[in-house]
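Visitor: Please take a close look at one part of this model: its aromatic pairing. Start from the rings and work outward.

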Amino acid sequence: MLRMKTKCEQCHTPLTRKDTAYICSFEETYCKSCSEKLDFTCIRCQGVLVLRPSRKIKPFKVPASKLKILALANSC
């Protein structure tokens, strides 16, 4: 699952789940302003920054007992 970071890696501006942000393949997260200044290139990995998907609610947590059942069902 994508880890939704709460601040820009460059300027440390707070980012909520609803804010526009950009990420690289290593999930480095940048605000819109910094992404534009960096020409949509991550300063750490030099990868392309793409629009981070929005998430309006907190993700649902599946109980560990159900994860084991799902894993067993998928292994057959």
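Guide: What follows goes from the rings to the strands, the core and the nearby loops.

The model is predicted: local features need pLDDT of at least 70, side-chain atom pairs count only at pLDDT 80 or more, and totals for chains, interfaces and linings use all residues. Residues are numbered from 1 along each chain as its sequence is written, and side-chain values use heavy atoms, with hydrogens and water left out.

A search of the whole structure returns one aromatic pair (rings of Phe, Tyr and Trp, the last by its six-membered ring, with centres within 6.5 Å). The partners are Tyr 22 and Phe 40. Their ring centres lie 5.1 Å apart and their planes meet at 65°, so the pair is edge-to-face (over 60 degrees; under 30 is stacked, the rest tilted).

The pair links distant parts of the chain. Tyr 22 sits in strand S1, residues 21-23. Phe 40 sits in the loop between helix H1 (32-37) and strand S3 (50-51). The two are 18 residues apart. Helices and strands here are DSSP runs numbered from the N terminus: H or I with at least four residues, E with at least two.

How exposed are the partners, Tyr 22 and Phe 40? Tyr 22 is buried at 14% relative accessibility (buried is under 20%, exposed over 50%, partly exposed in between; 1.4 Å probe, protein chains only). Phe 40 is partly exposed, at 29%.

Now the frame around Tyr 22. The protein chain has two helices and three strands. In order from the N terminus, the elements run β-β-α-β-α. The three strands form an open antiparallel sheet, ordered S2-S1-S3 (strands pair if DSSP finds at least two bridges between them). S2 (29-31) and S3 are the edge strands, each with a single partner, so one side of each has no neighbour in the sheet. S1 and S2 run antiparallel and are joined by three bridges. In this pairing, Ala 21 stands opposite Cys 31 of S2.

Tyr 22 also belongs to the largest nonpolar core, as do Ala 21 and Cys 31. This core (buried Ala, Val, Leu, Ile, Met, Phe, Trp, Tyr and Cys residues joined through side-chain atoms within 4.5 Å) has ten residues. The others include Cys 8, Leu 15, Cys 24, Tyr 30, Cys 34, Cys 42 and Leu 49. S1 and S2 are the elements that give two or more residues to it. In soluble globular proteins, nonpolar side chains tend to be buried together.

Leu 49 touches both ring partners, Tyr 22 and Phe 40 (contact means heavy atoms within 4.5 Å). Beyond four places in sequence, its contacts also include Ile 23, Cys 24, Tyr 30, Ser 35, Thr 41 and Cys 42.

On the Phe 40 side comes Gly 47, in the loop between H1 and S3. Setting aside residues up to four places away, Gly 47 touches Phe 40, Thr 41 and Cys 42.

Next, a charged neighbour of Tyr 22. Glu 28 lies in the loop between S1 and S2. Glu 28 is buried, at 14% relative accessible area. Among its contacts beyond four places are Tyr 22, Ile 23, Cys 42, Lys 5 and Glu 9. The Glu 28 side chain makes a 2.8 Å polar contact with the Arg 44 side chain (N or O atoms within 3.5 Å; within protein, one able to donate a hydrogen and the other to accept it, with sequence-adjacent residues counted only if both atoms are side-chain atoms). Gly 47 and Glu 28 are 19 residues apart in sequence, and their C-alpha atoms are 9.8 Å apart.

Follow Glu 28 to Lys 5, in the segment before S1. Lys 5 is buried too, at 16%. A 3.1 Å polar contact joins its side chain to that of Glu 9. Its contacts beyond four places include Glu 28, Leu 15 and Arg 52.

Back to the whole chain for scale. Of its 76 residues, 26% are buried. Among contacts between residues at least 6 apart in sequence, 43% join residues at least 24 apart.
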